[in-house]
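This report describes how two chains are put together. The sequence and structure are shown first.

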2 protein chains.
Amino acid sequence: MSVKPSGENAVLQKIERAVRMQPIGANRSLKLSIGDDAALLHLRSKNEEVLTCDWFLEGTHFLPDKHSPDSIGWKCLARAVSDIAAMGGRPKCFLLSLALPAACTGTWLDKFLGGLRRASRKLDCPLAGGDTTKRDEILINITVVGEVAAGEAVLRSGARTGDFVYVSGMLGEAEVGLLAVSATKGRIDSKSASLKKHLYPIPRLKLGQWLAKKRIASAMMDLSDGLSSDLPRLCAASGVGARIFDAQLPLPNLHGGSANGRVDALQLALHGGDDYELLFTVSREKAKKLPKSFRGVLLTRIGEITAARKIVLIDERGQEASLVAGGWDSFRI
Amino acid sequence: MSVKPSGENAVLQKIERAVRMQPIGANRSLKLSIGDDAALLHLRSKNEEVLTCDWFLEGTHFLPDKHSPDSIGWKCLARAVSDIAAMGGRPKCFLLSLALPAACTGTWLDKFLGGLRRASRKLDCPLAGGDTTKRDEILINITVVGEVAAGEAVLRSGARTGDFVYVSGMLGEAEVGLLAVSATKGRIDSKSASLKKHLYPIPRLKLGQWLAKKRIASAMMDLSDGLSSDLPRLCAASGVGARIFDAQLPLPNLHGGSANGRVDALQLALHGGDDYELLFTVSREKAKKLPKSFRGVLLTRIGEITAARKIVLIDERGQEASLVAGGWDSFRI
């Protein structure tokens, strides 16, 4: 009896074919890919391994009637790889856990794998293995294995009083894209920058690696839940607080815009999730040499680290207020 | 502002506390655990890394009204570690992706973490990181990172014509346990061997490592979906077939038993899933030295590898029949 390409084997074969089309490139660590009980990877011992996993769930993180399978395929990998960027690491391979309705194993799966394969090539992060099962909703979990030279990883816990706080790129743009998607009937094409950022985010790998390698960043994380949710996490890990200046935040472009345009943009920059930009701190000494941008990505100083363990927001008139987390927290009531 | 222990942070803190209670033991590869963007792990370069991930989903893999949170916590890790055993590897750490209803973040989560922690200690596999989110159903995904000496991993693809086919332990026992659970109202205690095997499986780590280290097994995999589903996968990977003898299968004890007891036990042994026993092949030369059991686990020769690429079942009267996959395949209609 040969194994017939039906059921789970058929889904696996489709995934395997999509992977085989992918050139492994310079990424030669992978010794054994899907098709066995587990994958085999060989890393050099001077490096440490970076491990992360991320949920990407129908209804919670994406809507199948709003988001194309191609963008879901791209984004599920890109956002997981962003955690590797946040440590200053290089991705080596990923595992895909995929639960699908039977109705999605045809065209939907093909298009999903198309977006996933493009992200995999772009990020030089081949598929190493995974698990599939049938389910009434689309559930995705991605594990990414990366590497970083031993001792070079940038943690959340390294921020010191007096360090400046920086972000890459623009804040709140992905949320602008999400609002546009929500306001549109059916699926929407990715023409604008904010839509591209919402549908096809690009993790800041090169920037993270440079900040780590040159030992510029004292602490770093990626912005996935929004500045007001993520900055407190970095500060808590470092045992410090921060002062953030409204006027310095790189605000999203709201186009047209209303009388409240500036206020709205500020709220989006503070609380909007899914940007996958890097939030990092730099000592005053090293900050002098930091360029305004890195490979076309804006680097903006938005505040400073304080000994007082609170997050303070300073508006354009110099008024202080507490920054209250308003970003993504699925367990918040 | 300090990070308040509410929402996602509270769930993470609870998980972190459960982890901190765990002695790391001899497993000193883990450099950075949960609380940052990613975990850091250091493996020796003479070893290859073994990577695997596994879904464990409410309704698909377990039933919250039938299975205790303690057993769910144990089993989700044990079954994922079984894939490491199947390669001949040692587990090093795992990642936990957990999606939970808000109502499960209290007692249910505590008990789940209790079972998970016990499995983590028993298997010397500490938690390295993960992801949590709120969801209306309990969704679990486990990634396990293991290691194996370079070149020692036992793949599915090494079986050669003439090799004998072996299994560890008893087949179909976990399915007997599942039937008992299904037939009982509410949750059931794990008194019998079959219930223990269904609720608290123990991956065959030491056996897998021994078969790999001594280069005894030519091919190996773990039995998760049932012999009739898994053996064809090993044979397909090796480009061979197999003859399996009914009379040699280590059948489950059905207790009491009916007139059809022997037939039922045979069906359970062939098609029952979730056993997490090892299926492996051994050359005739090496088979001569294979003991009858290893550390109290029965090793049973159940058949032989053939050049003809089909799986043949031979009954007690010598009659041949094709073995049709009847095990677990969530996509089969």
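## A sheet built from both chains

Two strands count as paired if DSSP finds at least two bridges between them; helices (H or I, at least four residues) and strands (E, at least two) are DSSP runs numbered from the N terminus. In this predicted model, an open sheet of 6 strands with mixed pairing follows the order β1(A)-β2(A)-β3(B)-β6(B)-β4(B)-β5(B). Its edges are β1 (30-32) of chain A and β5 (127-134) of chain B, each of which pairs on one side only. From one strand to the next, the twist averages 20 degrees.

The two chains are joined within the sheet where β2 (residues 39-41) of chain A and β3 (residues 47-57) of chain B run antiparallel, linked by 3 bridges. There, L41(A) has E49(B) of β3(B) as its bridge partner. Helix α3 (residues 107-122) of chain B lies across β4 (90-100), β5 and β6 (139-149) of chain B, at about 170 degrees to β4(B). Axes are lines fitted to C-alpha atoms, for helices over the stretch in contact, and angles run from 0 to 180 degrees between N-to-C directions.

## Symmetry

Chain B superposes on chain A by a rotation of 180 degrees with 0.0 Å of shift along the axis (RMSD 0.0 Å). The two copies are therefore related as by a two-fold rotation axis. The C-alpha of S45(B) is the one nearest the axis in chain B, at 2.3 Å. Superposition is by least squares on the C-alpha atoms of residues with pLDDT of at least 70 in both copies.

## The interface

In the interface, 78 residues of chain B are in contact with 78 residues of chain A, contact meaning heavy atoms within 4.5 Å. Both copies use the same surface, as 99% of the contact residues of chain B recur in chain A.

About 6,300 Å² is buried between chain B and chain A, 55% of this from carbon and sulfur atoms; buried area is the accessible area (1.4 Å probe) that two parts lose on being put together, summed over both. The rule finds 6 salt bridges across the interface, each a side-chain nitrogen of Lys or Arg within 4 Å of a carboxyl oxygen of Asp or Glu. The side chains of R156(B) and D37(A) form a salt bridge at 3.3 Å, N to O.

## Confidence and conventions

The model scores ipTM 0.90 and pTM 0.92. Chain A has a mean pLDDT (the predictor's confidence in each residue, from 0 to 100) of 89, with 90% of its residues at 70 or more. Residues 1-5 of chain A stay under 50. Where pLDDT is low, the predicted coordinates should not be read in detail.

Residues are numbered from 1 along each chain as its sequence is written, and chains are lettered from A and ligands numbered from 1 in the order in which they are written. Local features need pLDDT of at least 70 and side-chain atom pairs count only at pLDDT 80 or more, while totals for chains, interfaces and linings use all residues; side-chain values use heavy atoms, with hydrogens and water left out.
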